[in-house]
Amino acid sequence: MPWKLNKTGRDSLIVLCALLSIWICAIILPKAGGTPPRETLSRPEPRPVLILDAGHGGLDGGASAADGEPESRYNLAIARRVRDLASFLGVATAMTRDSETLEYPPELTSVAACKRWDTRRRVAQIDSFENAVLLSIHQNYYPGTGPSGPQVLYASGESSRRLGEQTQALLTQYLAPDNRRVAEPVSGDVYIMNHIRCPAILVECGFLSNPGEAERLGREAYQIRLAMVLADSFLQFTEGINA
Ligand SMILES: [Zn+2]
């Protein structure tokens, strides 16, 4: 005997099929392709890579402290501390150098040519990252022992200016409360800062020409405090990007 439904049964089956088709359209199809789930659309961008550029190095020692210690060594020590701390906090990092010695192409025969090659190498490395923030570490020098305190210089662009002003404020607040320096645009003759694409600041951590400050800059405890402020400024800045 053929299977038959009465009218009430047919109506129930129609309602059931309609509900089933609505459920398939609403739940299954979006997962199979087409419009992505809402949480995918609102997920923040990944945090930028923090690139640490320890200024000078190789044939270029930069400025010198009174005891002859070159600026390049201070820069590398502080850059490594920022790198280590930021990595510990889960930030992706990169270094433009991680050694006091640099290997130059053998055909380069002058110090000037080697320095030029190195600055272009660093720009190419920095620009190879799609999403990055550059923190270039240097030490200041003045012909006279008086001046002291950190000074932040920023690259062109609103993001660099914002990061520069914020970093200067944090350095003053935590390390040099009497410092009256303000963040300023970097001059046009600093090649790397004027040729990279990402937000960038150059931090002059202090004056090697000031014996007291040079001694402080060489101390492990002070370098760690510097690194904490610089890593914190990066985290605050990138939270602003992702907000
Ligand atoms: Zn320098």
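**Strands β1 and β3 and the nonpolar core**

Good morning. Leu50, in the strand I shall call β1, stands opposite Thr93 in β2. From β1 the chain crosses through helix α3 (residues 71–88) to β2, and this β-α-β crossover is right-handed; that is, with the strands pointing away from the viewer, the path from the first strand over the helix to the second runs clockwise.

This is a predicted model, in which local features need pLDDT of at least 70 and side-chain atom pairs count only at pLDDT 80 or more, while totals for chains, interfaces and linings use all residues. Residues are numbered from 1 along each chain as its sequence is written. Helices (H or I, at least four residues) and strands (E, at least two) are DSSP runs, numbered from the N terminus, and two strands pair if DSSP finds at least two bridges between them.

Strand β1 (residues 49–54) is joined to β2 (residues 93–95) by 3 bridges, in parallel. On β3 (residues 132–140), 6 bridges connect to β1, also parallel, with Val49 opposite Ala132. A further 6 bridges join β3 to the parallel strand β6 (residues 200–207). Ile137 of β3 is the bridge partner of Ala54 and stands opposite Val203 in β6.

How many residues of β3 are buried? The count is 9 of the 9, so β3 is largely enclosed by the rest of the structure. Buried here means 20 or more other C-beta atoms within 10 Å of the residue's own, with C-beta atoms placed from the backbone. Val133, Leu135, Ile137 and Gln139 point one way from β3, and Ala132, Leu134, Ser136, His138 and Asn140 the other.

Technical notes. A residue is buried if 20 or more other C-beta atoms lie within 10 Å of its own, exposed if 12 or fewer, and partly exposed in between; C-beta atoms are placed from the backbone.
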